[in-house]
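Please open the structure in your viewer and keep the selection tool ready. The tour below moves from one selection to the next and says what is found at each stop.

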Amino acid sequence: MEIADTLIFAGWIVPVLPEGQVLENHAVVISNGRISAVLPASEARKITAAETVELPDHTLMPGLINCHGHAAMSLLRGFADDLPLQPWLENHIWPTESEHVGPEFVRDGVNLALAEMLRSGTTCFSDMYFFPDVTANCCVEAGMRSQLSFPVFDFPSAWGKDADDYISKGLALRDDYKHSELISVVFGPHAPYTVAESALQSISTLSAELDLPVHIHLHETRQEVNDALAVTGQRPLHNLNELGLIGPRTQCVHMTELSTEDITLLAAAGAHVVHCPSSNMKLASGICPVTALHEAGVNVALGTDSAASNNRLDLMTEMRSAALLAKTESGDAAALPAAKALRMATLDGATALGKQDELGTLEIGKYADLIAIDLNTPETQPVHNVISQLVYAVSSSQVTHSWVNGQCLMSERQLQTLNLNTIKSNAAKWRHRIAGAENHD
């Protein structure tokens with residue numbers, strides 16, 4: 001008789017591929033941290049496993065992939081709301097970060113973010129923030145998968161003094177984690193308006209030599225594009241393309257202000273777009289033209305951005321918001337159907353991170369990163385269409401289990417590797433510190 005580590009039986013399984021498929025009364029078999037089979041329940045019951053999980057009222061699906069955020073900024077949730085991007089950054093966020101950000105801030109903020117993401121179905125996230133070495137430690141301790149985009153700026157911070165220093169520290173971190181199954185380290189130049197062309201050129205060269213992705217805020221607002229046109233005579237995307245930075249390794253975040261020529265360039269280059277609908281709406285930055293990007297063949301993933309600008313790290317909400325925004329923006333109720341929105345939060349996210357062969361679907365050989373969602377609640381009954389319920393009706397509180405690499409990180413809503421009481425106590429401590437600094441000023 002075959003032996004496995006874990007057997008998970010579920011009322012429904014959504015493998016993501018084939019798109020729109022729903023399997024009833026099936027099971028996922030996990031061995032050595034990977035999916036070894038997806039079988040009808042009757043066949044799976046012939047297998048012996050060290051652990052068996054019975055979830056007859058649940059949907060089992062790949063864990064969600066949050067392709068953009070700044071996890072430690074969870075400690076600034078609600079700190080400076082209802083402001084546009086540039087005043088929000090320049091007058092509130094950057095001065096507060098300058099005062100408070102250090103390894104302790106990052107550790108406590110990241111752990112708060114990890115707890116929130118796991119409780120809302122995210123099992124892999126991309127992060128761009130200071131002290132990525134601290135973030136990496138937190139992820140390893142919690143068992144969470146992440147892509148760490150080490151930040152690059154022209155100006156100094158608590159973590160680095162100039163672009164060369166940021167790049168040097170980031171590449172050293174990459175060497176530290178090059179054999180890790182959970183952590184990948186990539187370039188994270190903040191934006192064209194905060195990084196000089198000389199540094200961007202260096203990143204372009206190193207990215208090509210090392211085959212490392214580049215994660216960058218780009219075309220986030222109309223002002224950003226207009227400012228670049230006034231200074232350089234070019235739209236930022238086209239300038240970066242001339243520097244060799246736009247290609248299959250590039251993760252372009254936000255992209256609300258796009259022309260037809262921009263979209264054509266993205267498609268030809270094979271670059272990826274990370275859509276952050278809630279953050280863009282809250283900061284009034286604009287709407288990413290997802291329908292036009294999909295029609296051009298551009299891969300579009302989803303991100304929450306930070307809890308300081310969202311104010312949630314809930315990719316369930318982002319799926320729904322993305323689908324509804326696409327319908328509103330295009331004037332077509334059939335735009336971005338539920339199955340495609342679900343794919344954006346899973347396989348398309350994995351593709352953006354260059355991990356489509358390892359993550360994003362429930363297929364044999366892929367990492368066992370998956371979540372279970374309870375559909376036996378008033379909010380999701382009756383179940384006419386499982387995928388429609390997942391995108392339009394489910395709330396994050398219905399996520400009951402999370403596994404990464406086959407390790408259970410949440411069971412029946414209880415986190416297994418993080419201490420919630422400590423996390424909440426630390427968050428309260430930072431609230432008092434930041435409030436005290438504000439009052440002192």
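What follows is a walk through a predicted model, with residues numbered from 1 along the chain.

**The open sheet.** Begin by colouring the strands, and look for the eight that form an open sheet of mixed pairing, in the order 3-2-1-4-13-14-15-16. Its edges are strand 3 (34-40) and strand 16 (414-415), each of which pairs on one side only. At the second of these edges, select residues 407-411, which make up strand 15 and are joined to strand 16 by two bridges in an antiparallel arrangement; here S411 stands opposite Q414.

**A buried strand.** Next select residues 214-218, which form strand 9; five of its five residues are buried, so the strand is largely enclosed by the rest of the structure. In a regular strand the side chains alternate between the two faces of the sheet. Turn the view along strand 9 and you will find V214, I216 and L218 pointing one way, while H215 and H217 point the other way. Add residues 250-254 to the selection to see strand 10, which pairs with strand 9 in the parallel sense over five bridges, with I216 standing opposite C252.

**The largest pocket.** From strand 9, step back along the chain to D211, which lies in the loop between helix 6 and strand 9. D211 is exposed, with a relative accessible area of 54%, and its side chain meets that of R249 in a salt bridge (3.4 Å, N to O). R249 is in the loop between helix 8 and strand 10, so the pair ties together parts that are 38 residues apart in sequence.

Keep D211 selected and turn to the largest pocket, which holds about 400 Å³ of space. Of the 21 residues that line this pocket, those closest to its centre are S184, D211, L212, P213 and K355. Strand 8 (183-189) and helix 14 (347-352) are the elements that give two or more residues to the lining, and strand 8 gives the most, with four. By class, the lining of the largest pocket comprises nine nonpolar, seven polar and five charged residues.

**The second largest pocket.** Now move to the second largest pocket, with about 300 Å³ of space, and select P192, Y193, E224, D227 and A228, which are the closest to its centre of the 17 residues in its lining. Two or more lining residues come from each of helix 6 (197-210), helix 7 (222-232) and helix 8 (236-242), with helix 7 giving the most, at six.

**Helix 3 and its salt bridges.** Select residues 103-119 to show helix 3, whose 17 residues reach 24 Å from the first C-alpha to the last. Because 13 of these 17 residues are buried, helix 3 is largely enclosed by the rest of the structure. Just after the helix, G121 takes a positive phi of about 100°.

Within helix 3, pick out E116, which is buried at a relative accessible area of 18% and forms a salt bridge with R77, the closest N and O atoms being 3.0 Å apart. R77 sits in the loop between strand 5 (64-66) and helix 2 (85-100), 39 residues away from E116 in the chain.

**A last pair.** Finish in the loop between strand 5 and helix 2, at D81, whose partner K282 belongs to helix 10 (residues 277-282) and is 201 residues apart from it. The closest N and O atoms of this salt bridge are 2.7 Å apart.

How values were computed
This is a predicted model: local features need pLDDT of at least 70, side-chain atom pairs count only at pLDDT 80 or more; totals for chains, interfaces and linings use all residues. Side-chain values use heavy atoms; hydrogens and water are left out. Two strands pair if DSSP finds at least two bridges between them. Buried means under 20% relative accessible area, exposed over 50%, partly exposed in between (1.4 Å probe, protein chains only). The expected span of a helix is 1.5 Å times one less than its number of residues. On a 1 Å grid over the protein atoms alone, a cavity is a set of points where a 1.4 Å probe fits but cannot get out, and a pocket is an open set with protein on both sides within 12 Å along at least five of seven lines; lining residues have an atom within 4 Å of a point. Grid points are joined across faces, edges and corners, and a volume is the space filled by probe spheres set on the points. Ala, Val, Leu, Ile, Met, Phe, Trp, Tyr, Cys and Pro count as nonpolar, Asp, Glu, Lys and Arg as charged, and the others, Gly among them, as polar. A salt bridge is a side-chain nitrogen of Lys or Arg within 4 Å of a carboxyl oxygen of Asp or Glu.
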